[in-house]
Amino acid sequence: MKTKFEIKDHDGPGRLGKLGETLTPNIFNEKDSNTRVAKDEPSAYNVDREIAEWSVRKTIELAKEEKEKNPDCDIAVIQGSKYIDLRIQCAKELESLGYNGLIIANGDNLLLHPRDLVNMTIAIRENIKPSMCLIFTFAECSFIPLLSYMGIDGFLSGADEYYSYLNVMMTTTKNYDLEVYNIYEMNQEQIATCNKHTIDFVLRETREHMKNKTLRNLVEERGVTSPQIASALKILDKYHQDYLQKYTQLY
């Protein structure tokens, strides 16, 4: 991520951006030569605080070493498990080291915990500079509009293959286990291709709704099909009105 990230427009807290010639929200491909991610020390989501603190310390140490060896490395990972204060500490330390893109670890676990997902994402977003790219991992397609609405700028590549390993076909509103829902007869490669096209469509859909100031409508539509998304919206509306209203246009 050698080029500067620019925020071109807002739809609520959602950010329509540009990174070189790439519009965001979009995929950040780890295999791309322009996307270099510093090493980190992962920890599980639901662990004792002492383990999470150790993970944060080691992650910052590794990120510092990586930056000294390779100044072009521009993306690092926010560890801290379920502890919001540790996540904020990690994010701010990584920002001070000169990283311009931060990956929120344990994304798959956060999707199962709407309150943590909302509170953690907003806390991180509000404690780092606006020009910092926030990146999410293994997001289901139905969650991409919600995450973008909350201020996520990108999604790490690999979700298409990850779900294909599980024999899961992604759609815009739901993931289907093809052993339970025999919709198509597909091999793993075909599932991955299908998933990749679906992710691309949802990202394009999300950006177009941002341009038309209708992203909230899309998020509410997704909430009808997902209890987790519906819960996240209720938490957003009840506890984070100031954050939502900061960039919401008046009619």
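**Close-up views of the predicted model**

**View A. The largest pocket and the residues that line it.** The largest pocket holds about 510 Å³ of space, in a model that is predicted. Of the 20 residues that line this pocket, those closest to its centre are Ile-27, Ser-157, Gly-158, Asp-160 and Lys-196. Two or more lining residues are given by each of strand 4, strand 8 (154-156), helix 6 (159-165) and helix 7 (188-211), and the largest share, five residues, comes from helix 7. Sorted by class, the lining of the largest pocket contains nine nonpolar, five polar and six charged residues.

**View B. The open sheet of five strands.** The five strands of this open sheet follow the order 4-8-7-6-5, and their pairing is parallel. Strand 4 (26-28) and strand 5 (75-78) stand at the edges with a single partner strand each, so one side of each lacks a neighbour in the sheet. On average, and with direction ignored, neighbouring strands of the sheet are turned by 35° against each other. Strand 5 pairs with strand 6 (residues 101-104) in the parallel sense over four bridges, and within this part of the sheet Val-77 stands opposite Ile-103 of strand 6.

**View C. Strand 7 with its partners and its two faces.** Strand 6 and strand 7 run parallel and are joined by four bridges, with Leu-102 standing opposite Leu-134 in strand 7. Strand 7 also pairs with strand 8, again in the parallel sense, over two bridges, and here Ile-135 has Gly-154 of strand 8 as its bridge partner. In a regular strand, side chains alternate between the two faces of the sheet. Both faces of strand 7 are covered, since Cys-133 and Ile-135 on one side and Leu-134 and Phe-136 on the other are all buried.

**View D. Helix 4 across the five-stranded sheet.** Helix 4 (residues 114-127) lies across strand 5, strand 6 and strand 7 (133-136), and its direction makes an angle of about 155° with that of strand 7. Strand 5, one of the strands that helix 4 crosses, is an edge strand with a single partner, whereas strand 7 is joined to strand 6 by four bridges and to strand 8 by two.

**View E. The open sheet of three strands, with helix 7.** Here the strands follow the order 1-2-3 in an open sheet, and the pairing is antiparallel. Strand 1 (5-11) and strand 3 (22-24) stand at the edges, each with a single partner strand, so that one side of each has no neighbour in the sheet. The twist from one strand to the next averages 20°. Strand 1 pairs with strand 2 (residues 14-19) in the antiparallel sense over six bridges, and Glu-6 has Lys-18 in strand 2 as its bridge partner. Helix 7 lies across strand 1, strand 2 and strand 3, running at about 110° to strand 2; helix 7 is also the element that gives five residues to the lining of the largest pocket.

**View F. Gln-245 in helix 10.** Gln-245 has its place in helix 10 (residues 241-246). Its relative accessible area is 45%, and Gln-245 is therefore partly exposed, as this class lies between the cut-offs of under 20% for buried and over 50% for exposed. Gln-245 and Thr-173 are 72 residues apart along the chain, and their C-alpha atoms are separated by 27 Å.

Notes
Residues are numbered from 1 along each chain as its sequence is written. This is a predicted model: local features need pLDDT of at least 70, side-chain atom pairs count only at pLDDT 80 or more; totals for chains, interfaces and linings use all residues. Side-chain values use heavy atoms; hydrogens and water are left out. Two strands pair if DSSP finds at least two bridges between them. Axes are lines fitted to C-alpha atoms, for helices over the stretch in contact, and angles run from 0 to 180 degrees between N-to-C directions. Contact means heavy atoms within 4.5 Å. Buried means under 20% relative accessible area, exposed over 50%, partly exposed in between (1.4 Å probe, protein chains only). On a 1 Å grid over the protein atoms alone, a cavity is a set of points where a 1.4 Å probe fits but cannot get out, and a pocket is an open set with protein on both sides within 12 Å along at least five of seven lines; lining residues have an atom within 4 Å of a point. Grid points are joined across faces, edges and corners, and a volume is the space filled by probe spheres set on the points. Ala, Val, Leu, Ile, Met, Phe, Trp, Tyr, Cys and Pro count as nonpolar, Asp, Glu, Lys and Arg as charged, and the others, Gly among them, as polar.
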